Amino acid sequence: MRSVTRRYLRGGQPVNALDDVSLEIPQGRFVAVMGRSGSGKTTFLQCAAGLDRPTSGTVRIGNTDLGSLSEAALTRLRRDRIGFVFQSLNLVPSLTVRENVTLPLLLGGERPDSPQAVERAMRVLESVGLADRADDSPLHLSGGQQQRVAIARALVTDPAVIFADEPTGALDPSTANDVFTLLRRAVDDTGHTVVMVTHDPVAASWADEAVFLAKGRIVTNMVRPQTADVVQVMAELGGC
Ligand code: ADP
Ligand code: MG
């Protein structure tokens, strides 16, 4: 991202939810974007992932300048090169676990019941430890298991980048650790890039780097963040 600003109007007044943010994330890095509520984390993620367009500045993924793309091309790029994991799980309850995982392939024009699609889905379900639940409804899974399905779905297209917004916000700490372990493994074993927005200092300790936002600006970054150091910076920024 280079000099990215995203301005909203609030009560007629312009507010920079992101204010001149520049950041380069190398491929294969796990980055946590931290900051208290309202600091601009979700706006950052949406601009970085091509879900929202900045007011000014440029966003590139690889060699592609997202600002140069039509809506249709941007939709294709999100579908083919980006995986998303959100706090709310967005699984489709009427589909099986495996069908949920094959959804991004279906959107890409592949038949969800093709042997390749089924094999890919089973491979990613295996990697998150849920191959035996493939034919179940997501409604029969715990919150943590459902989030693992969401990660499998994000991985199924083998995306360049996985963007996660507060992926463990609704989970208890030990279940959250399972989710961080999977994201960490996606980086270490398969070279994915992970950008995770969170206000949780423990979550940040799983990342290679933590970037801190306050009032839409990057105020600090930290390499190999340790929970205690992250807690201290967050306290200086006025809590979570
Ligand atoms: P975070 O995810 O860190 O809690 P957000 O990126 O959601 O922060 O919000 C950053 C700031 O931008 C907040 O002040 C928020 O009120 C404002 N904001 C976010 N989205 C909109 C919107 N669609 N319209 C107006 N203001 C917004
Ligand atoms: Mg947010």
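Contact here means heavy atoms within 4.5 Å. By that rule Leu95 touches Asn100, Leu103, Ser137 and Pro138, with residues up to four places away in sequence not counted. The model is predicted. Its six-stranded sheet is open and has the strand order S7-S8-S9-S3-S10-S11. Helices H2 and H6 pack on strands of that sheet. Helix H5 is mostly covered, and its buried residues pack against strands and helices alike.

**The sheet**

- The pairing in the six-stranded sheet is mixed.
- S7 and strand S11 (217-223) are the edge strands; each has a single partner strand, so one side of each lacks a neighbour in the sheet.
- From one strand to the next, the twist averages 15 degrees.
- S7 and S8 run parallel and are joined by five bridges.
- Phe86 has Asp165 in S8 as its bridge partner.
- Helix H2 (residues 71-81) packs on the sheet and touches S7 and S8. The direction of H2 makes about 80 degrees with that of S7.
- S8 and S9 also run parallel, and five bridges join them.
- Across from Val161 stands Thr193 in S9.
- Strands of a sheet pair through backbone hydrogen bonds, either parallel or antiparallel.

**Strands S3 and S9**

- Strand S3 (residues 30-34) is largely enclosed by the rest of the structure, because five of its five residues are buried.
- In a regular strand the side chains alternate between the two faces of the sheet.
- On one side of S3 are Phe30, Ala32 and Met34; on the other are Val31 and Val33. All of these residues are buried, and both faces of S3 are covered.
- S3 pairs with strand S9 (residues 193-197) in the parallel sense, over four bridges.
- Phe30 stands opposite Val194 in S9.
- S3 also runs parallel to strand S10 (residues 209-214), with four bridges joining the two.
- Met34 has Phe212 in S10 as its bridge partner.
- What encloses S9? Five of the five residues of S9 are buried, so the rest of the structure largely encloses this strand.
- Thr193, Val195 and Val197 point one way from S9, while Val194 and Met196 point the other way. All of them are buried.
- H6 lies across S3, S8 and S9. It runs at about 150 degrees to S9.

**Helix H5**

- H5 covers residues 143-155, which makes 13 residues.
- From its first C-alpha to its last, H5 reaches 19 Å. That is close to the 18 Å expected at 1.5 Å a residue.
- How many of the 13 residues of H5 are buried? Twelve are, and the helix is mostly covered.
- The buried residues include Gln145, Gln146, Gln147, Arg148 and Arg153. Also among them are Val149, Ile151 and Leu155.
- The buried residues of H5 pack against two strands, S7 (82-86) and S8 (161-165). They also pack against helices H3 (97-107), H4 (115-127) and H6 (173-188).

**Helix H3 and its partners**

- Two packed helices are described by the angle between their axes and the distance between the axes.
- The axes of H3 and H5 cross at roughly 35 degrees and come within 7 Å.
- This crossing of H3 and H5 is right-handed.
- From H3, Val97, Asn100, Val101 and Pro104 take part; they meet Val149, Ala152 and Arg153 in H5.
- By class, the H3 contact with H5 has five nonpolar residues, one polar and one charged.
- The axes of H3 and H4 cross at roughly 115 degrees and come within 9 Å.
- The crossing of H3 with H4 is right-handed.
- H3 supplies Val97, Arg98, Val101, Thr102 and Leu105 to this contact. H4 supplies Ala117, Val118, Arg120, Ala121, Met122, Val124 and Leu125.
- The residues of the H3 contact with H4 divide into nine nonpolar, one polar and two charged.

**Leu95**

- Where is Leu95? It sits in the loop between S7 and H3.
- Is Leu95 buried or partly exposed? Its relative accessible area is 25%. Buried means under 20% and exposed means over 50%, so Leu95 counts as partly exposed.
- Leu95 and Asp135 are 40 residues apart in sequence. In space they are 9.0 Å apart, C-alpha to C-alpha.

Terms used: Residues are numbered from 1 along each chain as its sequence is written. Chains are lettered from A and ligands numbered from 1 in the order in which they are written. This is a predicted model: local features need pLDDT of at least 70, side-chain atom pairs count only at pLDDT 80 or more; totals for chains, interfaces and linings use all residues. Side-chain values use heavy atoms; hydrogens and water are left out. The expected span of a helix is 1.5 Å times one less than its number of residues. Buried means under 20% relative accessible area, exposed over 50%, partly exposed in between (1.4 Å probe, protein chains only). Two strands pair if DSSP finds at least two bridges between them. Axes are lines fitted to C-alpha atoms, for helices over the stretch in contact, and angles run from 0 to 180 degrees between N-to-C directions. A crossing is left-handed if the near helix is turned anticlockwise from the far one by less than a right angle, and right-handed if clockwise. Ala, Val, Leu, Ile, Met, Phe, Trp, Tyr, Cys and Pro count as nonpolar, Asp, Glu, Lys and Arg as charged, and the others, Gly among them, as polar.
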